[in-house]
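Student: Could you take me on a close look at the empty spaces in this protein, beginning with the space closed off inside? I would like to know what lines it.

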Amino acid sequence: MRTVLGTARLRKRIHRVIADLATLTAFAALMSVGTSLADEPAPTTLRSFIPVTISPEARAIYEKLLPVVAAHRAEAKIPHTLAEFDALHDGDIARTEAGVLAALKTLNIAVRETQLGGVNVVESTPPQYRDDHTVLLHVHGGGFVLGSAKSSLRGDASMALATGKRIISIDYTVAPRGNWRIVTDQVVAVYKAMLAQGYSAKSIGMFGDSAGGTIVPASVLKMRDQGIPTPGALVLLSPCVDLNLNGDTETTLRDADPALDFALNKAFLAAYAAPEDMTNPYASPIYDDFTKGFPPALIQAGTKELVLSDAVRLYQALKTAGRVAELDVYEGMSHVFQAYMTGTPEQQAAYAEAKRWWSSHLVPGARKP
């Protein structure tokens, strides 16, 4: 009996030794992998990583675009003075507006500049337009300091062609000449002018990309708090709803986002809102109490973008408050991919979802002549 027990114990010890050796072998293998990873280029190469899970069309665009973006990033300087911000903005406009307007002519998009509520706007009408008495208001992106209604018309054209709707883009005053108080007031003024023209609130949709995806919900909160009927639906593309950049992906994807530079965007945000204002819901909408009301919102984002957490947090806040919201996230896509992933399945899917959203929530209504 002792011999049998002794043999069993010996076998257990042998098994433990073998298991320990296997564990050590596996650990050694992991260490060797870790060493090889440490020898790889710095984590910033994540910006140029193109996943195999995206469409071939999107891959081809990334292959052409990422080197250009990397070169532009290397040359970018953080502005500090008003003159430096003005120069940055003016240079951006000079590079973009003319090309965009020329592209729109080839798409047969009719463009008209006018004013609504004392604010400059640009109207885009798709070919063979049929007025169903709905309209979309657009607030452009650009980190709050760049861009204009005209330089952003390519996105308007894509939305117009995908949905058949007329787009009115708001040419708000960019920071630092404009700030969250001024800009949201301008958006509200344009919206009120649309109501005065005879549009019902439920027939007006609003969409914004990047900074515009922040300004739209912030302006809607101001409308709600002023007792103004809020729009029928919103589409928010890559919104940044917390100007403090507190979300998880603002750290975990900081070196992976090919479009956004963390330090540069911190400077842009500081030009738009002072530190003590960054928790005001009219600057950072995530700090609102959404139980007070909010329109149906479709939120789109990509898995490569710095502010992915903002899209997730806004969606969760809206759903928790009992609001109607959908989160629509795209594999391997970066910030506001809809604007440059032209002709890709990802872009087509995103605009198809936007069209579905408008169709589901906007109510065509009679308009005064």
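Tutor: Happy to! Keep in mind that this is a predicted model. Let's begin with the enclosed space. Its lining is made up of eight nonpolar residues and four polar ones, with no charged residue. The structure has one cavity of 30 Å³ or more, and the volume of the largest cavity is about 100 Å³. Among the residues that line the largest cavity are Phe-144, Cys-240, Leu-245, Leu-260, Leu-269, Leu-306 and Val-307. Gly-143, Ser-210, Asn-265 and His-335 also belong to this lining.

Now for an open space to set beside the cavity. The second largest pocket has a volume of about 250 Å³, and 15 residues line it. Lying nearest its centre are Leu-107, Ser-158, Leu-161, Thr-342 and Gln-347. Helices H3 (82-106), H4 (153-163) and H10 (345-361) each give two or more residues to this lining. The most comes from H4, with five residues. By character, the lining of this pocket divides into seven nonpolar residues, seven polar and one charged.

While you have the model open, have a look at the aromatic rings too. The count of aromatic pairs is three. One of them joins Phe-290 and Phe-294 edge-to-face, with 5.3 Å centre to centre and 80 degrees between the planes; both of these residues are buried. Tyr-330 and Phe-337 form a tilted pair, at 5.1 Å centre to centre and 50 degrees between the planes, and Tyr-330 and Phe-337 are likewise buried. Finally, find Phe-262: the charged end of Arg-254 sits over its ring, 3.6 Å from the ring centre.

Definitions and conventions. Residues are numbered from 1 along each chain as its sequence is written. This is a predicted model: local features need pLDDT of at least 70, side-chain atom pairs count only at pLDDT 80 or more; totals for chains, interfaces and linings use all residues. Side-chain values use heavy atoms; hydrogens and water are left out. On a 1 Å grid over the protein atoms alone, a cavity is a set of points where a 1.4 Å probe fits but cannot get out, and a pocket is an open set with protein on both sides within 12 Å along at least five of seven lines; lining residues have an atom within 4 Å of a point. Grid points are joined across faces, edges and corners, and a volume is the space filled by probe spheres set on the points. Ala, Val, Leu, Ile, Met, Phe, Trp, Tyr, Cys and Pro count as nonpolar, Asp, Glu, Lys and Arg as charged, and the others, Gly among them, as polar. Helices (H or I, at least four residues) and strands (E, at least two) are DSSP runs, numbered from the N terminus. Rings of Phe, Tyr and Trp (its six-membered ring) pair if their centres lie within 6.5 Å; planes under 30 degrees apart count as stacked, over 60 as edge-to-face and the rest as tilted. Buried means under 20% relative accessible area, exposed over 50%, partly exposed in between (1.4 Å probe, protein chains only). A charge sits over a ring if NZ of Lys or CZ of Arg is within 6 Å of the ring centre and within 35 degrees of the ring normal.
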